[in-house]
Structure formats: C-alpha cells, structure tokens
Amino acid sequence: MEHEPAFFETSPTPGVVGKPLNRVDGRDKVMGKARYSAEYPLPGLTYGVLKTSDVAKGRIRSIDASAALKEPGVLAVFTHLNLPKPAKTPNDAEGKKAIGAPMGFLPLTSDVIHYAGQPVALVVADTFERATQAAALVRVSYAAEQPIAAYTDKRAQHFNPEKIQDGKADGYTRRGDAQAAMAAAPVQLTAVYTHAINHHNPMEPGATTAIWEAPDRLTVYESTQGVTRTQKSLSAYLGLPQDQVRVVTKYLGGGFGCKGSCWPHTVLTALAAKGVGRPVKLVLSRKQQFTSMGHREDQTQTLRLGATKEGKLLALIHEKTSTTSPWDNYAEANSKIINLLYDCPTFESHYELARANVMTSTFTRAPGEAPGSFAIECSMDDLAYQLGLDPIEIRLRNYAEKDPSTGQPWSSKSLRQCYARGAELFGWSKRNPKAGVTKNGRLLVGYGMATASYPVHNSQGTARVRLYADGHAVVQAGATDLGTGTYTVMTQVAADSLGLAPDKVRFELGDTKLPTAPNSGGSVAAGTVSSSVYMAAQDVWERLTKVAIKDPKSPLFKAKAEDVTAENGRLQLKKDAGKGEHFMALMKRAGLDDVEGSGQGKYGAGYETGRPSNPAGPQNNTESEAKHSMHSFGAHFCEVQVDPDLGTVRVTRWVSVHGAGRILNAKTARSQIIGGSIFGIGAALMEATARDPHYARYTNADLGDYHIPVNTDIPDMTVEFIDEHDPYINAMGVKGIGEISMVGVSAAVANAVFHATGKRVRDLPITPDKILGTKSV
C-alpha cells in the first residue's frame with residue numbers, strides 16, 4: 001500500500017529523534033559480536049587468494065599452476081582457462097548494459113591484461129595461509145606492452161565524452177554566452193587546479209564470503225554499501241533470478257564510495273565457490289584494495305572567472321581533464337557545483353578524458369562536488385583578495401537566491417546563517433585581511449573559509465514495521481550501516497513514530513530478504529530509509545484505527561478515520577486528545593498479537609511531485625521533474641600554522657556549520673561532519689597515490705606510504721547545525737550529511753595556507769615542497 005504524505009506534516013511524535021542517543025550497535029561492536037562479511041564461520045569454508053598481474057598492458061602467454069596444485073590443502077587454481085563461465089560479462093555491450101557501470105571488464109574471462117594488479121588467477125585452499133603460499137607459486141608469463149599511465153602521457157588519446165559519471169551528467173554544458181561575457185568582463189581570472197589520485201582505504205577491505213545453498217541459489221556475505229545493487233549485479237552475471245541471490249551485509253567497516261558497486265573479486269568468489277562446491281571466503285589485501293575497488297581519478301581543472309570591479313560574477317568557464325580506464329567514461333561531475341553555487345548569468349563546461357591502463361575510477365566521497373568546490377572556492381578567494389574584499393563578502397555579493405543552473409527556487413537554504421554562525425564561532429572578525437603577516441612566534445598563521453553544498457538525489461525505498469501487543473516492535477529495511485549510525489537513527493525514528501522507548505525497538509537491515517532500500521551513498525540513505533520507516537509506522541496506525549472505530553468498546557468507536565491521530569503510542573481524536581486509548585489496550589482487547597505495516601519513502605523529486613514510483617528500483621524520477629532545487633549547504637572555517645622554513649602545515653582550529661534539514665541524531669551527525677572534514681583535510685595536505693609513469697603501477701599501495709591523517713594531525717573541531725525545515729524533500733525533512741561534510745574542506749585549507757603565506761598552491765595535496773617552491777603572490 002502506497003501512501004502519499006501531506007506536505008508540511010513531516011514529523012513523528014517528538015521524542016528521541018534529534019537527540020544524541022548512543023549507538024544501539026555499540027555494545028556488539030565493542031564485545032566482538034558484530035559480524036562483518038569475512039567473519040561467518042560456515043561449514044566447510046575455504047579461502048580464496050588472488051594472484052594479480054605485474055604488468056599493466058599485454059596478454060597472458062602461459063600460466064603454470066603445477067607447483068601451486070601440489071601444495072597441501074589446495075583445492076583449485078582458477079584462471080581464464082578453467083573458471084566456471086558466468087552467464088554474462090561486461091566485456092560486451094549486452095553484458096555491460098545488463099550489469100551496469102562501473103565494472104566494464106571482468107578479469108579471468110580472457111587473456112588480456114588491462115591494468116597492473118588485475119587478477120590473473122584465484123587460488124582456493126582449506127586455509128588462508130595455504131592459499132597465500134600457493135598463489136605465490138603460480139607462474140605467469142606475459143607478452144607485455146608499453147602501458148599508458150595517465151592523461152598526461154603524450155601517447156594518451158584524449159576525447160570528449162557525451163556523458164560522464166555513469167551517464168548521470170552531460171559532458172558539455174552551456175548556459176548563456178559565457179565566452180562573450182568573459183571577454184567583456186572588467187576582471188578576469190584563470191587558474192589551473194590539479195588533484196592527485198586518492199584511494200578510499202576503509203578499515204575493512206573488500207571481502208566476500210559466497211556459498212551455494214543449491215545449484216541455483218547463492219548467498220553472499222559481502223562488504224557492500226548496497227545489498228540490492230549487489231544482488232542485481234550478481235543476478236545478471238550468474239544468470240539467476242534475482243530472488244535466488246541473497247546478499248547479506250550486517251556491518252560494514254567503512255566504504256566512502258568504493259563499496260557502492262559490485263566489483264570483480266565478488267563475482268570471481270561466487271564463481272570459485274561454484275567450481276569447488278564449497279563456501280569460499282576472499283579478502284582483499286591492502287595492496288589489492290588499491291587496484292580492485294576504484295579510486296578518485298587524477299585530474300586537472302581550469303576555471304576562468306569573469307566579474308565586475310565590484311566582485312559580481314559575469315561568467316564561469318570550467319574545463320576538466322582526467323584519466324579513465326580502457327573500458328569506461330567515468331569522470332566526476334565537478335562542474336555541477338560550480339554551475340549552481342553562486343549567482344552568475346553565464347556558464348560553460350566541458351570534460352576531456354584519456355584512456356590509460358588503470359583500474360576504473362569510481363564514486364569517492366562527494367564525487368564531483370569535492371574537487372569542484374576546490375576550484376571555485378579557491379578562485380572566489382583569489383577574486384576577493386584582488387578586489388580587496390573579505391572572502392565572506394565576495395560570497396554574499398554573489399549569493400544565489402535561486403538555483404542558477406535551473407532557475408528553480410531552493411527547497412530550503414540556510415547558507416547565510418551558516419556563514420554568520422561559522423564566522424562568530426571561529427572569530428573571523430579578528431582576521432587581518434593582509435596575507436602573510438599574522439604570526440605565532442616564528443610560525444605563520446592563516447584563516448581560510450569555503451562554502452559547502454551537496455544535492456538531494458532522487459531515491460526511494462521501502463520498510464516494514466511489526467508492532468507487538470506487548471509493546472515492542474521489529475522494524476526492517478534492506479539498508480546498510482556504513483558505520484555512521486543507521487542502526488541508531490532508524491531506531492530513533494521508529495521509536496518516535498510508534499510512541500515507544502528506543503529499547504523497545506529492534507531495527508534490522510543489511511539483507512536482500514528485507515524490504516528494498518537504496519545504497520548507502522550519495523547521502524540518500526538517511527532521508528529515504530527514515531521516511532520509509534515513518535510511512536510504515538503510519539500504515540500500522542491506519543490499520544489499528546480501522547480496528548478501533550469498529551470496536552464498540554473503544555473510545556474511538558464510530559469515529560471517522562481522518563479525525564484520528566496517533567501520538568506517543570496512543571490513538572486519539574485530533575480535536576479531543578482525551579478521547580482515545582493506547583495501542584496495547586486496543587490490541588489486547590482485539591486479540592491481536594501483532595500488526596504489520598509497510599511503507600515507501602521517497603527522497604527528492606519523487607516525494608515532491610508525488611509521481612507513482614516502483615519499490616523495486618532506487619530511482620525513476622529525474623532531477624528535472626522537481627519543482628525545487630534541493631541541496632544542503634554549509635561553511636567550513638579553518639586556521640593553519642605554517643612553518644616558513646620547513647613548509648609544513650598544521651590545521652590548528654576548525655569550525656563547520658551546516659544547514660541539512662532535520663538532524664536525526666546530534667551525536668552521530670556531529671561525528672559524520674568531523675569524519676568528512678578529516679577526509680577532506682587528508683586530501684588537502686597528504687593523500688596521494690603515486691602511479692609510476694613507465695609501468696603504470698602504484699608505488700605506495702599501503703598505509704605506510706599512502707599518508708592519511710592521524711589524531712595528532714587534527715585539532716578539536718566545532719560542529720553546529722542550523723535548525724532547518726524542508727517540507728519538499730521527504731516525509732522526514734532529512735537531507736543527509738555524509739558528503740557535504742567533505743565539500744569545500746580542501747579549499748578552506750588552501751585558502752588558510754594562502755592567508756598564512758601569501759602563496760597560492762593549486763596542486764593537491766599541499767605538501768611542504770609545493771609551499772617552499774611557490775612564490776608569494
């Protein structure tokens with residue numbers, strides 16, 4: 001039964017929603033009871049280990065597995081010669097369409113080598129140690145060719161894609177005549193920004209445990225951000241009906257986008273389990289994590305900005321060049337945020353790609369918005385300094401009262417309040433406007449800020465609520481908890497929606513046997529799943545209302561259903577709260593042990609337009625169908641101290657203020673913003689994967705040489721949220737905060753470094769050599 005919620009009635013009974021409730025799954029994690037995908041002790045479990053290619057381009061001449069097969073406990077060595085054949089592969093157009101992006105190539109299905117680290121064999125043994133030893137004994141001979149390592153290679157062939165980011169964005173966009181407006185602009189700025197390759201590196205690497213319950217029925221315990229998406233991909237690969245593939249993910253040790261898709265190792269594990277007739281567990285090594293689950297691509301952005309002498313934008317022209325794999329057209333859509341963040345009458349953007357011998361890039365936290373914000377926010381800072389304006393003032397002079405990219409009004413926007421509150425908390429008024437003069441002893445001190453924004457993507461999902469007469473409830477949705485608190489916030493939503501204490505609610509997720517929910521990615525999960533839970537609870541109350549108005553012993557006997565409301569677990573008349581009864585009394589009298597309800601939550605344009613939607617699929621409405629432009633907004637403020645002799649940068653103070661709709665849990669939301677900001681600080685100051693230009697191999701594929709922030713790199717952080725009500729986005733008014741927490745962070749750091757030193761570094765990460773090697777402006 002589908003319910004269309006009434007606008008402005010977007011609230012369960014006030015109670016624990018929004019409060020800083022401790023994590024309901026915390027104890028299980030601390031006690032070791034939380035079971036991750038590599039921790040299911042199945043009978044007869046075997047272990048898979050990948051043998052990967054040392055070369056980045058060529059063909060396999062021969063594979064000698066004889067020594068490996070002689071090792072004790074080895075069950076099989078699978079290669080392209082003997083792996084059980086999948087029903088479809090992405091190697092052809094039909095298979096790619098069925099399976100979807102980003103995996104346009106499945107290893108072990110041919111002798112072709114496309115990238116270094118590509119799986120060339122999969123060894124299965126009775127212990128992990130034996131499988132590892134056997135994999136080391138597999139000998140592979142290659143006919144190697146000279147690879148292309150990046151778009152910067154002179155041999156790389158560049159092209160302009162029609163679509164990018166899995167077909168979600170256009171390769172070319174034009175609004176007005178930006179070229180003419182730029183030529184006539186009194187103030188013109190051109191800047192080039194480069195970004196190193198970044199890898200997600202969650203604590204839990206990619207892991208798959210596959211067991212065939214029957215010849216045509218598969219269960220996979222998978223480290224994925226979306227059980228339904230993985231189920232669909234495996235169904236297509238293996239030629240099985242979707243309901244014959246079960247995917248389970250009860251706990252996830254982080255993802256940041258790399259676990260948002262179905263990757264080769266998952267399919268290969270399932271095929272290997274079929275081949276040996278026993279369950280197989282495969283866990284990627286940290287080195288393999290760098291070549292198996294995507295990355296943020298290496299890229300260069302050129303941004304041209306035209307403005308009046310008063311600082312009013314007249315034109316924005318954005319170009320991006322990046323590396324892609326031999327088989328896809330993936331590129332982050334950086335220009336989207338540049339097109340909408342500020343009021344500018346003209347805009348133009350285009351993308352350029354070059355194929356190289358690398359694994360495909362993929363969604364990485366705030367894909368497009370994070371690197372795009374680096375370009376626009378640093379350029380806005382440059383404009384402010386050139387015109388002698390405060391960086392906040394230049395943004396206010398170009399404040400967009402409606403979405404410039406569409407002309408639509410915002411569903412809600414609290415950015416002015418974010419600027420004001422952030423500046424107050426940070427002490428921005430104490431900033432000396434001149435760069436390079438503020439000091440703490442011998443250290444240079446700089447203040448920087450940047451705007452954050454992230455869209456409300458369209459999504460939908462379903463949930464099921466079973467309310468028991470003894471006063472407890474079981475709530476279910478096929479969502480994923482990335483580790484950010486989904487178990488907890490959905491427990492809070494269900495508790496308030498049903499009028500129960502949180503400890504009377506059990507929320508279940510992470511299983512394709514449960515009602516369909518979208519991926520935990522793109523900041524859609526909180527809004528979609530919470531709305532689904534809320535709507536399922538309303539279905540329960542509707543069912544109980546029908547019982548009450550037909551029951552002669554009920555105070556609500558013969559009342560009209562539309563006159564009855566539910567508050568704090570009690571059905572009562574809207575105009576006479578004293579006339580009603582608690583659900584437990586009603587259910588006991590009616591002999592009902594439990595009542596079950598289901599509901600569909602719509603997020604984005606699907607909710608606003610009220611169009612019919614399909615519970616089986618995550619999306620069926622386009623952004624253009626919305627009546628409003630839907631985005632979260634925020635502002636980051638950063639203080640750095642720079643050693644002028646060593647070039648080292650330390651972030652010493654941080655403030656973030658966001659307007660992101662309803663906040664479901666003050667504690668987990670604050671943690672999300674802190675985590676995303678740390679992610680952005682890492683990208684700004686240290687994170688970079690080095691790819692050898694001659695061999696197209698990563699030279700720092702471990703956490704010893706791929707530097708990430710640790711506790712001593714991060715100061716105490718101040719995080720606040722603007723109280724924002726948005727009636728258009730979903731039944732709960734929740735926008736989501738997983739991505740916006742990172743957008744603008746690198747720019748805030750870079751702007752602070754410029755204020756401290758007078759040196760503008762546009763090449764991420766901002767390492768000491770770049771500061772020492774850059775001249776002051």
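Select Asp705 to begin: at 44% relative accessibility, Asp705 counts as partly exposed. Asp705 sits in the loop that runs between helix H17 (666–685) and strand E30 (717–721). Now add Ala690 to the selection; Asp705 and Ala690 are 15 residues apart in sequence and 9.6 Å apart in space, C-alpha to C-alpha. Keep in mind on this tour that you are looking at a predicted model.

**Zoom out to the whole protein**

Show the cartoon, and you have 19 helices and 31 strands to look through. Turn the view around: along its principal axes, the C-alpha trace spans about 85 × 75 × 50 Å. A compact globule with 777 residues would have a radius of gyration near 28 Å, and the protein has 27 Å, which agrees. Of the 777 residues, 61% count as buried. Switch on the surface as well: the accessible surface comes to about 29200 Å², and 51% of that belongs to carbon and sulfur atoms. Residues 24 or more positions apart account for 79% of the contacts with a separation of 6 or more.

**Stop at His195**

Next, select His195, which you will find in strand E11 (residues 187–195). Is His195 buried or exposed? His195 counts as buried, because its relative accessibility is 9%, and buried means under 20%. Show side chains here, and you can see the side chain of His195 make a polar contact with the side chain of Gln301 (2.8 Å). Beyond its neighbours within four places in sequence, His195 is in contact with several residues, including Glu297, Asp298, Phe374 and Leu764.

Which residue is 570 residues from His195 in sequence and 7.2 Å away in space, C-alpha to C-alpha? That is Pro765, so select Pro765 next. Pro765 is in the loop between strand E31 (763–764) and helix H19 (768–772). Look at the peptide bond from Leu764 to Pro765: this bond is cis, with omega near 0 degrees. Most peptide bonds are trans.

**Two residues with positive phi**

Most residues other than glycine have a negative phi. Asn201 has a positive phi, near 50 degrees, and is not a glycine. Look for Asn201 in the loop between E11 and strand E12 (207–214); Asn201 is buried, with a relative accessible area of 11%.

Then move to Lys558, in the loop between helix H14 (525–550) and strand E24 (564–567). Lys558 also has a positive phi, of about 70 degrees. Lys558 counts as exposed, at 67% relative accessibility.

**Visit Asp643**

Select Asp643, in the loop between strand E28 (631–642) and strand E29 (649–659). Asp643 is buried, with a relative accessible area of 8%. Where does its side chain reach? The side chain of Asp643 reaches the backbone nitrogen of Asp645 at 2.9 Å and the backbone nitrogen of Leu646 at 3.0 Å. Not counting residues up to four places away in sequence, Asp643 touches Arg442, Leu443 and Thr648.

**Finish at Arg365**

For the last stop, select Arg365, in the loop between strand E18 (347–355) and helix H10 (369–387). Arg365 is buried yet has no salt bridge. Why is there no salt bridge? The nearest side chain of opposite charge, Glu739, is 5.9 Å away, and a salt bridge needs the charged atoms within 4 Å. Show Gly738 too: the side chain of Arg365 reaches its backbone oxygen at 2.8 Å. Among the other residues in contact with Arg365, leaving aside neighbours within four places in sequence, are Phe256, Arg296, Gln672, Phe679 and Met742.

Technical notes:
Residues numbered from 1 in each chain as written. Predicted model: local features only at pLDDT ≥ 70, side-chain atom pairs only at ≥ 80, totals over all residues. Heavy atoms only, no water. Helix = DSSP H or I, 4+ residues; strand = E, 2+ residues; numbered from the N terminus. Buried < 20%, exposed > 50% of the residue type's maximum accessible area, 1.4 Å probe, protein only. Lys, Arg positive; Asp, Glu negative; His and termini not counted. Polar contact = N/O pair within 3.5 Å; in protein donor to acceptor, adjacent residues only side chain to side chain. Contact = heavy atoms within 4.5 Å. Rg over C-alpha atoms; globule rule 2.2 N^0.38 Å. Areas by Shrake-Rupley, 256 points an atom, 1.4 Å probe, with all protein chains shown as cover.
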